[in-house]
Amino acid sequence: MTVLAEIISGVREDLQARRRDLPLPEIIARAEAAEPVRPFALHADFGVIAEVKRKSPSRGDLAHIPDPGTLAGLYAAGGAHAISVLTESRRFSGSLDDFDAVRAAVDVPVLRKDFMVDEYQFHEARAHGADIVLLIVAALDPVQLGEFHALAKELGMTALVETHSREELEIAADLGAELIGVNTRNLKDLSVDTDRFAPLADLAPQGCTLVAESGVAGAAEVTKYADAGADLVLVGEALVTGGRPQAAVEEYTAIGRERRRLSAS
């Protein structure tokens, strides 16, 4: 069984417990009563999606985050385009409690970063105030992907469609995805190769907003991704371990915008 399959198996088990506590009709009602979705700007200057990330399957524990809301506030003060919150518990030590703390602390759009494999999770995300959800092409068959993409849109949320290969990019393009992530992490062995981004970015459908995911350790990777065509970078580990979350978001945003300006001149 692959790492991805193991994670999804755990996600489904945990979901069943939440579904027993709060059945689908009730979570749908809560989603309908939730505050309106905050608009996510697809076509804007280069930006950072800053992540609240406690742990990763490849690196283990990353940072003690006693107050996710405070961290998110620093990200927002640094100009984060959006904030991503891990809610998967077994491999990432995330939770919907973390999400709620972030949602209460900031006004920028918030991404529920999880392995979305069931309709329930989308209504659940909206009930907690999510503006963006993650759809991993490798985790879903094409029919599920299409249904979930449509459901996210129906609920007013933006879907970040994550790809890892040419074939997955073609699926995202056929879906009409406007926000596409290229993740440079290999899902089989969890290794990262930032050189994978540029060739895939060249294949992205024209007009989409492109997100570079994984591998940002500092300014060098931000520069590399921006030069290769990234509109946004999703950064977690470097921000939670670097000790300067607000300044780092400011720095990465400025670097990316300057690189984009130079490439356009």
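Student: How many salt bridges does the count come to?

Tutor: The count comes to 21 salt bridges. Keep in mind that this is a predicted model.

Student: Start with D118. Which side chain does it meet in a salt bridge?

Tutor: D118 pairs with R19, at 2.7 Å from N to O. D118 sits in the loop between β5 (110-113) and α5 (119-127), while R19 belongs to helix α1 (residues 3-21), so the pair ties together parts 99 residues apart in sequence.

Student: And D118, buried or exposed?

Tutor: D118 counts as buried, because its relative accessibility is 18% and the cut-off for buried is under 20%. R19 is partly exposed, with 23% relative accessible area.

Student: OK, what does R244 pair with?

Tutor: The R244 side chain meets that of E251 in a salt bridge, 3.1 Å from N to O. R244 is partly exposed at 41% relative accessible area. E251 is also in the partly exposed class, at 28% relative accessibility.

Student: What about E258? Which partner there?

Tutor: R261. Their side chains form a salt bridge at 2.7 Å, N to O.

Student: Where are those two, and how far apart along the helix?

Tutor: Both are in helix α11 (residues 245-264). They are three residues apart, which means a separation of about one helical turn. E258 is partly exposed, with a relative accessible area of 34%. R261 is partly exposed too, at 48%.

Student: Which residues do salt bridges with shared partners join into one network?

Tutor: E35, R38, R103, D107 and D131.

Student: Let's stay on E35. Where does it lie?

Tutor: E35 is in the loop between α2 (24-33) and β1 (47-52). It counts as partly exposed, with 37% relative accessibility.

Student: Setting aside neighbours within four places in sequence, what is E35 in contact with?

Tutor: R103 and R126. R103 is also a member of the salt-bridge network with E35.

Student: How far is the E35 C-alpha from that of V161?

Tutor: The two C-alpha atoms are separated by 24 Å. Along the chain, E35 and V161 are 126 residues apart.

Student: R126 is in α5, right? Which α5 residues are buried?

Tutor: R126 is one of them. The others are Y120, Q121, F122, H123, E124 and A125. That makes seven of the nine residues of α5, so the helix is largely enclosed by the rest of the structure.

Student: What covers the buried residues of α5?

Tutor: The cover includes the helices α1, α2, α4 and α6 (142-154). The strands β5 and β6 (132-136) are included as well. Recall that R19, the partner of D118, belongs to α1.

Student: Switching to backbone. What is phi of S93?

Tutor: About 55°. That is a positive phi, although S93 is not a glycine. S93 is found in the loop between β4 (82-86) and α4 (96-105). With 30% relative accessible area, S93 is partly exposed.

Student: And S214? What's phi there?

Tutor: Near 80°, again a positive value in a residue other than glycine. S214 lies in the loop between β9 (209-213) and α9 (219-227).

Student: Is S214 buried or exposed?

Tutor: S214 counts as buried, at 16% relative accessibility.

Student: Zoom out. How many helices and strands?

Tutor: The protein has 11 helices and 10 strands.

Student: What radius of gyration does the protein have, against a compact globule?

Tutor: The protein has 17 Å. A compact globule of 265 residues would be near 18 Å, so the two agree. The C-alpha atoms fill a box of roughly 55 × 40 × 35 Å along the principal axes.

Student: What share of the residues is buried?

Tutor: 52% of the 265 residues count as buried.

Student: And the accessible surface? How much of it belongs to carbon and sulfur?

Tutor: The accessible surface comes to about 11500 Å². Carbon and sulfur atoms hold 49% of it.

Student: What share of contacts joins residues at least 24 apart?

Tutor: 68%, among contacts between residues at least 6 apart in sequence.

Student: Last one, charges. How many of each, and how far apart are their mean positions?

Tutor: There are 27 positive and 42 negative charges. Their mean positions are 2 Å apart.

Definitions and conventions
Residues numbered from 1 in each chain as written. Predicted model: local features only at pLDDT ≥ 70, side-chain atom pairs only at ≥ 80, totals over all residues. Heavy atoms only, no water. Helix = DSSP H or I, 4+ residues; strand = E, 2+ residues; numbered from the N terminus. Rg over C-alpha atoms; globule rule 2.2 N^0.38 Å. Buried < 20%, exposed > 50% of the residue type's maximum accessible area, 1.4 Å probe, protein only. Contact = heavy atoms within 4.5 Å. Areas by Shrake-Rupley, 256 points an atom, 1.4 Å probe, with all protein chains shown as cover. Lys, Arg positive; Asp, Glu negative; His and termini not counted. Charge placed at Lys NZ, Arg CZ, Asp CG, Glu CD. Salt bridge = Lys/Arg side-chain N within 4 Å of Asp/Glu carboxyl O.
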